[in-house]
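Visitor: Could you take me through this chain as a set of questions, with the cut-offs stated as we go?

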Amino acid sequence: MKRWLVLMFMMSILGEVAAAQNLSVITGIWAPYNMEEKGKITGIGTEIVQATLEKAGIKSDIRLYPLARAFHMLKKEPNTLLYT
């Protein structure tokens with residue numbers, strides 16, 4: 001149930017933003033929610049974000065950074081989505 005609510009909330013926020021412009025999606029390293037395994041970004045949070053973006057029809061590449069750098073990028077780069 002919680003997963004469904006998160007998906008609906010994120011879709012409502014992302015729809016118009018992504019339709020108008022490119023969206024940069026970034027995350028910090030925080031296992032088991034976001035991590036890299038065998039060169040692929042995985043985790044519970046990543047799965048939810050990927051499903052939400054797919055349902056909203058938004059194509060994006062998720063990039064993984066140390067959390068401090070991700071916060072800095074969020075402040076400086078327009079059209080950036082940071083998730084945990």
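Visitor: Which residues of β5 point one way, and which point the other way?
Guide: In a regular strand the side chains alternate between the two faces of the sheet. In β5, a strand being a DSSP run of E with at least two residues and a helix a run of H or I with at least four, both numbered from the N terminus, the four residues are all buried, where buried means under 20% relative accessible area, exposed over 50% and partly exposed in between, with a 1.4 Å probe and protein chains only. One way point Thr80 and Leu82, and the other way Leu81 and Tyr83.

Visitor: On what basis are such values given?
Guide: This is a predicted model, in which local features need pLDDT of at least 70 and side-chain atom pairs count only at pLDDT 80 or more, while totals for chains, interfaces and linings use all residues. Residues are numbered from 1 along each chain as its sequence is written, and side-chain values use heavy atoms, with hydrogens and water left out.

Visitor: In β5, what is the bridge partner of Val25?
Guide: Strands count as paired if DSSP finds at least two bridges between them, and β1 and β5 pair in the parallel sense over four bridges. In β5, the partner of Val25 is Leu81.

Visitor: Which elements give two or more residues to the largest nonpolar core?
Guide: A nonpolar core is a set of buried Ala, Val, Leu, Ile, Met, Phe, Trp, Tyr and Cys residues joined through side-chain atoms within 4.5 Å. The largest has ten residues, namely Leu23, Val25, Ile41, Val49, Leu53, Ile58, Ile62, Leu64, Leu81 and Tyr83. The elements that give two or more residues to this core are α2 (44–56), β4 (62–65) and β5 (80–83).

Visitor: How many residues has the other core that lies apart from it?
Guide: That other core includes Ile26, Tyr65, Ala70 and Leu82. Its number of residues is five.

Visitor: How far apart in space are Leu64 and Lys40?
Guide: Leu64 lies in strand β4 and, leaving aside residues up to four places away in sequence, touches Thr27, Gly28, Ile29, Met35, Glu36 and Ile41, contact meaning heavy atoms within 4.5 Å. Leu64 and Lys40 are 24 residues apart in sequence, and their C-alpha to C-alpha distance is 9.7 Å.

Visitor: Is Thr42 buried or exposed?
Guide: Thr42 lies in strand β3 and touches Tyr33, Asn34, Met35 and Glu37, not counting residues up to four places away in sequence. Because its relative accessible area is 18%, Thr42 is buried.

Visitor: Which peptide bond is cis?
Guide: Pro32 is found in the loop between β1 and β2. With omega near 5°, the cis bond is the one from Ala31 to Pro32.

Visitor: Why does Lys38 count as exposed?
Guide: Lys38 sits in the loop between β2 and β3 (40–42), and has a positive phi of about 55° although it is not a glycine. Lys38 counts as exposed because its relative accessibility is 90%.

Visitor: What is the relative accessible area of Asn79?
Guide: Asn79 is in the loop between α3 (67–76) and β5, and has a positive phi of about 55° although it is not a glycine. Asn79 is partly exposed, because its relative accessible area is 27%.
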